[in-house]
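Here's a quick walk through a few local features of this chain. Have the model open alongside and follow the headings.

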Amino acid sequence: MHVIITYETGEPIYEQIKSQIRGEILRGSLKAGETLPSIRTLAKELKIGIITAKRAYDDLCAEGFLYSVQGKGVFVAEIGSGTAEGYATGVLKEKFEDVKEFAEMNSISKETIEKIYKEILG
């Protein structure tokens, strides 16, 4: 597992950790059952607070990408196509909601949005 923290982006550190670990799981770089570094080890390696590392792991456990076994560690969960697709669909829905909000704030019609959408999809 290779996580790189960028302070210039303004994105919270725990979100950066989550997106990179999630990406490695979805790409298959991290396999089901694989052990991740402990929270303390991750915090030490990235030079971040333990609470930040814990937040990233806890959120990924809640999303179904990781699971924790007390006294044993944190592991990559078995990701079915439903979990991956559900995550991707949720992110896509959020992006559409952002577009809708932007369009409403800028008086862009539904027809114009649909036209642009069709152009993008080809």
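## Two loop residues with positive phi

Lys 47 sits in the loop that links helix 2 to helix 3. Keep in mind that this is a predicted model. The backbone at Lys 47 is worth a look: phi is near 55°, a positive value in a residue that isn't glycine. As a rule, most residues other than glycine have a negative phi. Lys 47 is also exposed, since its relative accessibility is 72% and anything over 50% counts as exposed.

Ser 107 is a second case, with phi near 55°, again positive and again not a glycine. Its home is the loop between helix 4 (81–105) and helix 5 (110–121). With a relative accessible area of 70%, Ser 107 is exposed.

## How helix 2 meets helix 3

Go back to the helices on either side of Lys 47. Helix 2 covers residues 39–46 and helix 3 covers residues 50–63; they pack at an angle of about 120°, and their axes are 8 Å apart. So how do helix 2 and helix 3 lie relative to each other? They are oblique, because an angle of about 120° falls outside the 65 to 115 range for roughly perpendicular and isn't over 145, where roughly antiparallel begins. The crossing of helix 2 past helix 3 is right-handed.

On the helix 2 side, the contact is made by Ile 39, Arg 40, Leu 42 and Ala 43, while helix 3 brings in Ile 50, Ala 53, Lys 54 and Tyr 57. Sorted by class, that contact has 6 nonpolar residues and 2 charged ones, with no polar residues.

## A stacked aromatic pair

The count of aromatic pairs comes to 2. One of them joins Tyr 67 and Phe 75, with 5.4 Å from centre to centre and 25° between the planes. That pair counts as stacked because planes under 30 degrees apart fall in that class.

Are the two partners, Tyr 67 and Phe 75, buried or exposed? Tyr 67 is partly exposed, at 36% relative accessible area. Phe 75, on the other hand, is buried, with a relative accessible area of 14%.

## Ser 19 in helix 1

Last stop: Ser 19, which belongs to helix 1 (residues 13–27). Ser 19 counts as partly exposed, with 35% relative accessibility. Its C-alpha atom is 9.5 Å from that of Val 3, although 16 residues separate the two along the chain.

Key
Residues numbered from 1 in each chain as written. Predicted model: local features only at pLDDT ≥ 70, side-chain atom pairs only at ≥ 80, totals over all residues. Heavy atoms only, no water. Axes fitted to C-alpha atoms, helices over the stretch in contact; angles between N-to-C directions. Helix = DSSP H or I, 4+ residues; strand = E, 2+ residues; numbered from the N terminus. Parallel < 35°, antiparallel > 145°, perpendicular 65-115°, else oblique. Left-handed = near helix turned anticlockwise from the far one by under 90°. Contact = heavy atoms within 4.5 Å. Nonpolar A, V, L, I, M, F, W, Y, C, P; charged D, E, K, R; others polar. Phe/Tyr/Trp six-rings, centres within 6.5 Å; stacked < 30°, edge-to-face > 60°. Buried < 20%, exposed > 50% of the residue type's maximum accessible area, 1.4 Å probe, protein only.
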